[in-house]
Amino acid sequence: MSFALLDKAAILAGDVTITYKDLFLNIERYAQLLGQKPGSKIVIFSENRIEWAYLLFGIWRLQSTCVPMDAMSSAEDLAYMISDCTPDAVVCSEKTREVMAEALDSITHSPEVFVLEEMLEPAAAIEPDTILDDLPALAKDDTAFILYTSGTTGKPVVTVLLNGRPLTI
């Protein structure tokens, strides 16, 4: 991407416009704040919000796997999914924190927990001119997503999507 495009709109969310520069800076910031090693599995358990996009791409920036979980999941289903996929970290919001705590209290697996509203500390200085430097190459056979069904017919069922497989929505 040309550096001339960094000031162009990347995301329009209601009245908010996020430029490519801000998008890339936030992706890098969240990747640094998560601080996980490549190959980690990281759960996102939050309502829809702009930080969700930063987290998703930040997770991929870390060469890790995103495990999105429905923000309306019960503590029982959440505990089942976390026990099943054994993530290294989970990210929740203030709105989903109580359910996450209840789920984690009921299982033996103990991932690192991040709360979006508490992820406010500044990341290490990031030079805008170097945003596109050293982007990792994602191997096509690495896992991009671990997705769970809603569990309407029983326990949630897992689907794994690889980086090299197109996702059609």
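Which residues of the largest nonpolar core touch the most other members? In this predicted model, they are Leu-34, Val-91 and Met-119, out of a core of 25 residues.

**The nonpolar cores**

Several elements build the largest core together. At least two residues each come from helix 1 (20–34), strand 3 (41–45), helix 2 (50–61), strand 5 (89–92) and strand 7 (143–148). Helix 1 is the top contributor, giving seven residues to this core.

Leu-34 is a good place to start looking around. Once neighbours within four places in sequence are set aside, Leu-34 is in contact with Ile-42, Leu-55, Ile-59, Leu-62, Val-91, Phe-114 and Met-119. Val-91 and Met-119 thus appear in the contact list of Leu-34, and both belong with Leu-34 to the trio that touches the most other core members.

A separate core of 19 residues lies apart from the largest one, and its members include Phe-45, Cys-85, Met-100 and Leu-104.

**Salt bridges**

Now for the charged side chains. The model has seven salt bridges, and three of them are set out here.

| Pair | Closest N to O distance |
|---|---|
| Glu-47 and Arg-49 | 3.0 Å |
| Lys-155 and Glu-76 | 3.6 Å |
| Glu-118 and Arg-97 | 2.9 Å |

Take the bridge between Lys-155 and Glu-76. Lys-155 sits in the loop between strand 7 and strand 8 (158–162), while Glu-76 belongs to helix 3 (residues 75–85), so this pair ties together parts that are 79 residues apart in sequence. How exposed are the two partners? Lys-155 is partly exposed at 43% relative accessibility. Glu-76, at 58%, counts as exposed because its value is over the 50% cut-off.

The bridge between Glu-118 and Arg-97 also links distant parts of the chain, with the two residues 21 apart. Here Glu-118 lies in the loop between strand 6 (112–115) and strand 7, and Arg-97 is in helix 4 (residues 97–105). Glu-118 is partly exposed, with a relative accessibility of 47%, and Arg-97 is partly exposed as well, at 33%.

Finally, salt bridges with shared partners join Glu-47, Arg-49, Glu-51 and Glu-117 into one network. Within that group, Glu-47 and Arg-49 meet through their side chains at 3.0 Å, N to O. Why does Arg-49 count as partly exposed rather than buried? Its relative accessible area is 24%, and buried would mean under 20%, so Arg-49 falls in the class between buried and exposed.

Definitions and conventions:
Residues are numbered from 1 along each chain as its sequence is written. This is a predicted model: local features need pLDDT of at least 70, side-chain atom pairs count only at pLDDT 80 or more; totals for chains, interfaces and linings use all residues. Side-chain values use heavy atoms; hydrogens and water are left out. A nonpolar core is a set of buried Ala, Val, Leu, Ile, Met, Phe, Trp, Tyr and Cys residues joined through side-chain atoms within 4.5 Å. Buried means under 20% relative accessible area, exposed over 50%, partly exposed in between (1.4 Å probe, protein chains only). Helices (H or I, at least four residues) and strands (E, at least two) are DSSP runs, numbered from the N terminus. Contact means heavy atoms within 4.5 Å. A salt bridge is a side-chain nitrogen of Lys or Arg within 4 Å of a carboxyl oxygen of Asp or Glu.
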